[in-house]
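Me: Please go through the charged pairs, the hairpin and the surface of this model with me, one question at a time.

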Amino acid sequence: MPWIDKELCTGCGICIDECPVDTIVLVGDEAEIEMDGCIRCAICHDVCPLDAIKHDSEKVDEWIEEKVRGAVRNRELCEKLSGNPRDGKDSLERTIKSYKRDVFILQKAIEKLEDLFKTL
Ligand code: SF4
Ligand code: SF4
């Protein structure tokens, strides 16, 4: 999904005018993308004069770190609440299982979409 670098956006409004599904809004002085409506057409990337609209691939490292931080925080909280290190370890195990399930679901969705892509 596209995202807007707030440091670069001046709120000029060009992307808002050009988005075909009106899913970019101005919040204060900055543009913001309402992700649910985005159809990934990439028009906004092309029209921003300041290159403020970025691709999600530019956030991958940050997202990985967020996931790891969240899981570690949950493990620590579980251990603190129960006073038993085993509960923290169980929490971490559940998170790992949950992420593996997400990977499985996404992999299957990718395979179906690739099959669809071949028919186009
Ligand atoms: S076109 Fe670029 S600078 Fe202008 S509002 Fe959109 S993101 Fe911000
Ligand atoms: S990718 Fe297309 S639909 Fe999504 S915010 Fe940009 S212009 Fe709008």
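Me: Is R75 buried, partly exposed or exposed?
Reply: The model is a predicted one. R75 has a relative accessible area of 24%. Buried requires under 20% and exposed over 50%, with partly exposed in between, so R75 is partly exposed.

Me: Which residue forms a salt bridge with R75?
Reply: The partner lies with R75 in helix α3, 4 residues apart, about one turn of the helix. Its relative accessible area is 26%, which counts as partly exposed. The closest N and O atoms of the pair are 3.0 Å apart, and the limit for a salt bridge is 4 Å. The residue is E79.

Me: What is the N to O distance in the salt bridge of R86 and D90?
Reply: R86 and D90 both lie in helix α4 (residues 85-118), 4 residues apart, about one turn of the helix. R86 is partly exposed, at 44% relative accessibility. The side chains of R86 and D90 meet at an N to O distance of 2.8 Å.

Me: How many residues apart are E32 and K6, which form a salt bridge?
Reply: The closest N and O atoms of E32 and K6 are 3.4 Å apart. This pair links distant parts of the chain: E32 is in strand β3, and K6 is in the loop between β1 (3-4) and α1 (14-18). E32 is partly exposed at 36%, and K6 is partly exposed at 35%. The separation is 26 residues.

Me: Which residues of strand β3 point to the buried face?
Reply: Side chains alternate along strand β3 (residues 30-33). E30 and E32 point to one face and are not buried. The residues pointing to the other face, which are buried, are A31 and I33.

Me: What is the bridge partner of L26 in β3?
Reply: Strand β2 (residues 24-27) and β3 run antiparallel and are joined by 4 bridges. The hairpin of β2 and β3 has 2 residues between the strands, and G28 takes a positive phi near 65 degrees there. In β3, the partner of L26 is A31.

Me: Which residues gather in the patch of negative charge on the surface?
Reply: One member, D61, is in helix α3 (residues 60-82). D61 counts as exposed because its relative accessibility is 60%, and the cut-off for exposed is over 50%. The patch consists of D61, E62, E65 and E66.

Conventions:
Residues numbered from 1 in each chain as written. Chains lettered and ligands numbered in written order. Predicted model: local features only at pLDDT ≥ 70, side-chain atom pairs only at ≥ 80, totals over all residues. Heavy atoms only, no water. Patch = residues over 30% accessible without salt bridge, like charges linked within 9 Å, V, L, I, M, F, W, Y side chains within 5 Å. Areas by Shrake-Rupley, 256 points an atom, 1.4 Å probe, with all protein chains shown as cover. Lys, Arg positive; Asp, Glu negative; His and termini not counted. Charge placed at Lys NZ, Arg CZ, Asp CG, Glu CD. Buried < 20%, exposed > 50% of the residue type's maximum accessible area, 1.4 Å probe, protein only. Pairing = 2+ DSSP bridges.
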